[in-house]
Amino acid sequence: MSVAAEGVPSDLILRLNPIFDSSHTRDRRMSPPDSACFPGTRKDVIQGITSWVNTMIAPSTTTAVHVYWFHGFAGSGKSAISLEIAKLYASSGRLHASYFFFRNAGDRGRMNRFAATLAAQMAAAVPATASFIEAALEVEPSLLSQGTSLTIQLERLVYEPFRAALKRGLLVKALIKGPFLIVVDGLDECEDKLAASTFIDHMLNFFKRYPSIPLRFFIASRVEEHIRTRLEGDGVLLGDLNSHSAYRDIEMFLRASFDGAAVTNRIIQEYIRAHGQWPTKADMHSLIQHIKGSFVLASMMFKLIVQPATEEDPSTPMDRLPLALKENGLDGLYMQTLARSQHLPHFRTITLTLALLEEPLPVVGIADFLGIEAFEVVRVLLNLQAILYVPGSDEQGNVTLCHTSLRDFLTTESRSGSFFAPPSFHIHLSYHCFTSIIQKGDRHADNYRKKYVHVHWRKFAEPGACDLSNEIQLFKAQAHQSPLAMRPSYHAFLCTLLFYSLCLPSSQISVGLSYLLTECTESLALAVECPDHRIELWLGSVFPSGLVTSHGAKTDQITDLTFAVLQSNLQRASNAIRTNFPGILERHPRATGMEREYSIGQDLIFFSLLSGREIFSVLEWIVARARFQWEELEQAPRPPLKLSIALRESQVQFRVERHISQNATRRTDDSDSSGDGSAPTPSAPN
């Protein structure tokens with residue numbers, strides 16, 4: 001995104017903090033989709049769109065169509081056409097902004113910074129709007145905070161500044177050419193469907209309120225229900241890319257591409273010298289029929305056919321062409337390409353990681369993240385360049401998927417078979433993120449770990465993703481089979497993330513509190529029984545924890561059997577800490593169980609920091625509180641107790657109580673609001 005514009009304060013752009021690689025000016029190889037119209041193609045489609053954009057809007061008009069929804073199947077060339085439209089109107093000074101969504105590309109795949117990015121581009125493209133954006137930020141400094149709604153951000157930062165500049169007569173000269181345009185590509189790629197729906201609803205409402213405003217939106221996406229139900233209606237022009245024949249355009253692209261390859265590829269040159277034209281007209285016709293209008297498939301098939309031979313695959317382009325014709329569309333091509341590297345070490349780990357990463361990483365970032373050598377990553381990726389972008393430098397540039405359909409393929413088991421990336425693999429990505437707490441790695445991967453350690457865990461733990469308890473047992477088995485030096489980090493990871501799961505809303509976790517407590521205390525004991533300096537660091541250091549912002553409470557029972565397991569595990573942990581890490585526990589008071597509740601995070605915004613010692617303190621209090629309650633009750637056998645965890649925006653509150661039927665039998669119940677003699681509620685130790 002270009003932000004250098006006369007009259008636009010640079011500090012405004014810095015304050016808005018836009019996503020610079022989201023616009024049509026981005027480096028497409030590093031920030032997909034890497035799609036552009038081949039010269040001379042798609043002329044009729046582009047002409048139809050520009051005719052709509054250029055239609056003038058009379059001030060008295062109430063039926064103007066402000067929105068064009070351009071849809072088509074995956075790989076049909078929507079992003080390439082969006083790019084061409086954005087470039088056309090940028091050159092004429094009428095492009096307000098452009099935004100290209102892309103899944104698993106960090107904030108580009110979300111709406112978090114969408115409004116601010118549009119505003120920054122608008123200020124650069126139409127400087128007359130900049131002062132009104134600045135004024136909005138001065139009046140409402142919280143506009144850019146996460147707590148501000150998308151509709152308010154769009155209204156204050158995009159729509160109102162444009163209307164204000166229009167009302168002041170600052171855009172008269174520019175409007176002589178026609179209305180301004182905002183291009184939004186890949187709206188179906190937005191990972192937050194609710195936010196995408198909110199954007200559409202608000203945009204359509206804005207145009208109902210201001211039917212003669214000279215502003216238009218060109219939106220390109222696949223047909224998804226939350227988009228279709230809103231855009232198939234009045235005030236929206238529909239464009240179906242599937243209805244346009246791409247035969248001649250794809251033929252033009254393929255012929256020029258193969259001719260270009262013949263100039264540099266000596267094998268193709270010698271074949272043509274001996275046998276004549278290649279591909280033949282019959283070959284070309286078969287290719288185009290096989291491609292069925294998909295420019296992405298055309299591009300990938302061409303790359304697959306002409307890519308250099310390797311030791312594992314010494315075949316020539318002439319050998320590969322008939323093989324390519326046997327593949328079933330994109331899925332077949334993906335299968336064939338992935339098979340070229342599946343025999344190599346770390347292939348599965350690398351491909352699953354690429355499929356499930358939240359943001360792309362460079363080669364060295366992937367290697368450091370997975371704990372392998374960079375050359376091992378490169379060896380796998382070199383055979384996959386028909387479907388992946390692999391930068392020329394290991395340190396600079398990210399490894400990215402050439403098209404979103406590859407991620408769809410890898411995450412759909414019925415399509416990818418043995419190449420499937422299951423949701424359960426998120427536990428391994430979360431673990432690799434966690435290792436940043438005890439070892440310093442490449443700065444790219446280190447930043448990624450801190451940002452996404454809990455995101456990957458939540459995707460692993462959410463109901464329906466996998467059999468959580470079974471996957472945890474498999475992960476523990478992997479830990480026991482790993483080298484001794486690696487085991488402490490496995491145990492500390494499980495302890496931390498299982499404890500974190502205690503604080504997740506019930507809708508985000510598929511197992512109960514008792515299971516989590518039992519597994520958490522066992523992992524704690526196993527971790528501290530390792531006299532390792534990394535565990536000492538984990539016990540005493542703060543850790544970037546996930547945001548727990550949901551309101552409500554969750555409950556479970558603590559039975560005598562559960563209590564016995566928890567007490568045994570914590571006794572093991574206490575003994576091990578005193579032996580291996582003397583002094584850590586002595587610096588903090590022990591829990592007596594007399595306190596009515598235990599709160600953590602009162603001084604830590606959104607429960608953002610956590611250490612192994614703090615986890616021990618909470619678990620120790622739960623056991624002590626249960627013991628205290630039973631001793632007060634003096635009843636045999638011990639009845640189950642109620643464990644409740646209440647989630648608040650700034651804290652998490654733990655309580656262990658007798659059930660109501662038990663409380664009613666004693667006037668000294670510790671839930672009385674006064675005169676109960678209980679100690680004050682403790683805060684988490686600092």
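I took contact to mean heavy atoms within 4.5 Å. I also noted at the outset that the model is predicted.

**Entry 1: Arg110**

With that cut-off I looked up the partners of Arg110. Setting aside neighbours within four places in sequence, I found Arg110 in contact with Tyr99, Phe101, Cys190, Glu191, Glu358 and Tyr452. I then located the residue: Arg110 sits in the loop that runs between strand 2 (95-100) and helix 4 (114-125). Is Arg110 buried or exposed? Its relative accessible area is 15%, and buried means under 20%, so I entered Arg110 as buried. I next examined its side chain and recorded a polar contact of 3.3 Å with the side chain of Tyr452.

**Entry 2: the whole chain**

I turned to the protein chain as a whole. Its secondary structure comprises 29 helices and eleven strands. Of the 686 residues in the chain, 55% are buried. I looked up the contacts between residues at least 6 apart in sequence, and 77% of these join residues at least 24 apart. The chain exposes about 29,200 Å², and I noted that carbon and sulfur atoms supply 53% of that area.

**Entry 3: helix 3**

I checked the length of helix 3, which covers residues 78-91. At 1.5 Å a residue, its 14 residues should span 20 Å. The C-alpha atoms at its ends are 20 Å apart, so the expectation and the model agree.

Which residues of helix 3 are buried? I listed Lys78, Ser79, Ala80, Ile81, Ser82, Leu83, Ile85, Ala86 and Tyr89. I kept in mind that an α-helix has 3.6 residues a turn, so residues three or four places apart point the same way. I then looked up what covers the buried residues of helix 3, and found that the cover includes helix 2 (43-54), strand 1 (67-71), strand 2, strand 3 (180-185) and strand 4 (215-221). After helix 3 comes Gly93, and I recorded its phi as positive, near 80 degrees.

**Entry 4: cysteines**

How many disulfides does the whole structure hold? My search returned zero. I looked up two cysteines individually. Cys190, a contact partner of Arg110, is buried with a relative accessible area of 3%. Cys402 also counts as buried, at 17% relative accessibility.

**Entry 5: aromatic rings**

With ring centres required to lie within 6.5 Å, I obtained a count of 34 aromatic pairs. I looked at Tyr68 and Phe70, whose pair is tilted, at 6.3 Å centre to centre and 55 degrees between the planes. Tyr68 counts as buried at 9% relative accessibility, and Phe70 is buried at 1%.

I then took up Phe207 and Phe217, which form an edge-to-face pair, 6.1 Å centre to centre with 70 degrees between the planes. Phe207 belongs to helix 8 (residues 193-209) and Phe217 to strand 4, so this pair ties together parts that are ten residues apart in sequence. I found both rings in buried residues: Phe207 has 6% relative accessibility, and Phe217 has 1%.

Finally I followed the rings into one aromatic cluster, formed by Tyr99, Phe101, Phe114, Tyr159, Phe199, Phe206, Phe207, Tyr210 and Phe217. I noted that Tyr99 and Phe101, both in this cluster, are among the contacts of Arg110.

Terms used. Residues numbered from 1 in each chain as written. Heavy atoms only, no water. Helix = DSSP H or I, 4+ residues; strand = E, 2+ residues; numbered from the N terminus. Buried < 20%, exposed > 50% of the residue type's maximum accessible area, 1.4 Å probe, protein only. Polar contact = N/O pair within 3.5 Å; in protein donor to acceptor, adjacent residues only side chain to side chain. Areas by Shrake-Rupley, 256 points an atom, 1.4 Å probe, with all protein chains shown as cover. Expected span 1.5 Å × (residues − 1). Disulfide = S-S within 2.5 Å. Phe/Tyr/Trp six-rings, centres within 6.5 Å; stacked < 30°, edge-to-face > 60°.
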